[in-house]
Amino acid sequence: MQLQIIALKSIHHRTREKTDKMEENKATRKLRVCVATCNRADYSKLAPIMFGIKANPDEFELEVVVLGSHLIDDYGNTFRMIEQDDFDIGSKLHTIVRGEDEAAMVESVGLALVKLPDVLHRLRPDVLVVHGDRFDALALATAAALMNIRILHLEGGEVSGTIDDSIRHAISKLAHYHACCTRTAEQHLIAMCEDHTRILLAGCPSYDKLLAAHHRDDYMDIIRNWLGDNVKEHDYIVALQHPVTTDIKNSVKIYELMLDALISFNKRTLVLFPNIDAGSKEMVRVMRKKGVEQHPNFRAVKHVPFEQFIQLVCHAGAMIGNSSCGVREAGAFGTPVINLGSRQTGRETGENVLHVRDADTQNKIYHALDLQFGKRYPCSKIYGDGNAVPRIMKFLQAIDLDEPLQKTFCFPPVKEWDISQDIDHILETQSALAVDLGGTNLRVAIVSMRGKIVKKYTQANPKTYEARIELILKMCTEAVIDAVHLNCRILGVGVSTGGRVNPQEGVILHSTKLIQEWSSIDIRTPISDALHLPVWVDNDGNCAALAEKKFGHGKGVENFVTIITGTGIGGGIIQHNELIHGSTFCAAELGHIMVSLDGPECMCGSRGCIEAYASGMALQKEAKRLHDEELLEVEGMVDLKKAEFVSAIHLINAARLGNRKAEAVLRTAGMALGVGIVNILHMVNPSLVILSGVLAAHYQATVQQVIGQRALTSAQSIQVLTSDLEEPALLGAASMVLDYTTRRIY
């Protein structure tokens, strides 16, 4: 018996040692990642990830496989740029069967499938990283899946034209993990029954590089190197058109029309050769037939290094063609784009893209060039915010190689959008950057999708335009940096400001007297250019209404009015769930509704406005009058002689302590506001009135009473509520970002 016990203890000890050793090996083992690149375009997306893997040698081993058009002289032998980036290429596979037609594409896939098994068997990667929707990538994914190698697919779930859609979705079905660029793409993957816990909403890796590198001092040297010494910034065109494999004849015709239009448009143009898809040979033949390579206005090239291509696109007067770069990367710079034909149908685009889907005449393309050339648009981050690679590194580190290799599919239901990013290893809060420009303070806040103010920044509002813009950009930049550490993803910037605003153009037309040097100001452009984020602008009254609609009493209410009672009187009107701006953007100037023909003078220059009776400034004026007449102080009040100045608060405190004169002033102010609101009820007939601001609670009862006495019978039952929101201006600014995006799907 004793021998049995000893034997059992020995077995237990050996088992424990073996388990501890396995755990130790698991903790110290590096993840072997193979990145396979097929062409110049996918390398621009894969290179940032390769640099990220190389920068973490304790976590990863990097293997690089090069195949496809990288190794073809006619397409620039672009494998050399990989070597120039100091990556060791483990294998070069010549997989392209020349012919540039449908049969050649099929034969190329077959040749790749013949050659890949030996390479993958030799490298034995834990994970193969595959990008996009090329036929070469389909061969890679097929070989890896059949050889039981885990696959991470980049840019799955997107929608475009041609056979690329089918190839992309086929790769997604073979892949075990997904790093997608947009929330819509994420939703498509979930709808395709992919496991949401294996989907990372990362953004496009190329944005990490282009957002960090496009501000270069030597950009004009790069432009002149490719286009000649006489070219100027924003005065040239970048053209990049690829064949559409499902409609080769028409795509070649569009290419010919595009070249004719560019020749007629008479601007310096950089033309890049098309990719290797079926139909490219015919397109090159058209280009040479028209003498593009000898034309003085044209430079035809097979390849431009990505860092230089960024500069060329960023500073171009326009980009034309059907490359995904036009609908993706160009938006980050606000570069105007003319997208021709059907190749990018379904892609999410920013407002910088003008589509010419039925590009059947030279005149139509010329007209599109004329409309777009030289414009600048707000920078868009639909496809990324510059932080994709750190997210992908975390995603790779979290892969558990002990998990079953067999994929499981999540058949219905489709997961709801607001919880689809619940990924254990990276959980980011979708957030907005809110800016509130008040008469006294300038405030910036990071606001989450649920209306939580994650962090707030406050500074005194400078008196001059230059100092104010500088401070806004400084505070916003600080907040964007902090957002990364707070695990918040900033979707855009919302700006709330006093005065009359054109929200369509992002321009402050006329400011209040409280904010100096703040009229005819384009606030959207400098913020968008500095942060590379979309920007929305509206006045503080409208923002208060939007805040109530998303986070407050107005949630779910189709028609309501919000009135701000503060230093001034303002507000916003929601009608049929939409904010009313008016033909000249002065709708809902509620503070300037006249309630008396001979009332007190208002700051707008008129008399008898609500603001002249019920605003904080009006109450302060009355408080000072009573104080000068020694009629303000009552027993229990702080000695006003010790106060620096008399304010509306002193008037309210005096009324609370029984001062009849102060009570009369507040009653008159409340009645004036009530009469104005009755006029509003009779004009737009809302179902709810929300009073917001510091004076709301003091007016609510009086306003409800005036409505009951003076409104039409049909309007007397309309309820008046005081807002529960502490920061309506910031929350309203945030709601513009969270509810109204720039994404347009075609």
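A cavity here is a set of grid points where a 1.4 Å probe fits but cannot get out, and a residue counts as lining when it has an atom within 4 Å of one of those points. In this predicted model, that search turns up six cavities of 30 Å³ or more.

The largest cavity comes out at about 690 Å³. Its lining takes in 39 residues, and those closest to the cavity centre are Asn39, Arg40, Ala41, Asp42 and His242. As for secondary structure, two or more lining residues come from each of α2 (40-54), α6 (164-174), α12 (306-314) and α13 (324-327). Helix α2 is the top contributor, handing over six residues. Chemically, the wall of the largest cavity is a mix: 14 polar, 13 charged and twelve nonpolar residues. Where does the largest cavity lie with respect to domain 1 and domain 2? Both domain 1 (28-204) and domain 2 (210-372) supply lining residues, so the cavity sits between them.

Next comes the second largest cavity, with a volume of about 50 Å³. Ile96, Val97, Glu100, Asp101, Ala104, Met105, Ser108, Phe135, Ile276 and Ala278 make up its lining. Helix α4 (residues 102-123) provides the largest share of that lining, namely three residues. Sorted by class, the second largest cavity is walled by seven nonpolar residues, two charged ones and one polar one.

Technical notes: Residues are numbered from 1 along each chain as its sequence is written. This is a predicted model: local features need pLDDT of at least 70, side-chain atom pairs count only at pLDDT 80 or more; totals for chains, interfaces and linings use all residues. Side-chain values use heavy atoms; hydrogens and water are left out. On a 1 Å grid over the protein atoms alone, a cavity is a set of points where a 1.4 Å probe fits but cannot get out, and a pocket is an open set with protein on both sides within 12 Å along at least five of seven lines; lining residues have an atom within 4 Å of a point. Grid points are joined across faces, edges and corners, and a volume is the space filled by probe spheres set on the points. Helices (H or I, at least four residues) and strands (E, at least two) are DSSP runs, numbered from the N terminus. Ala, Val, Leu, Ile, Met, Phe, Trp, Tyr, Cys and Pro count as nonpolar, Asp, Glu, Lys and Arg as charged, and the others, Gly among them, as polar. Domain bounds come from an automatic or database domain assignment.
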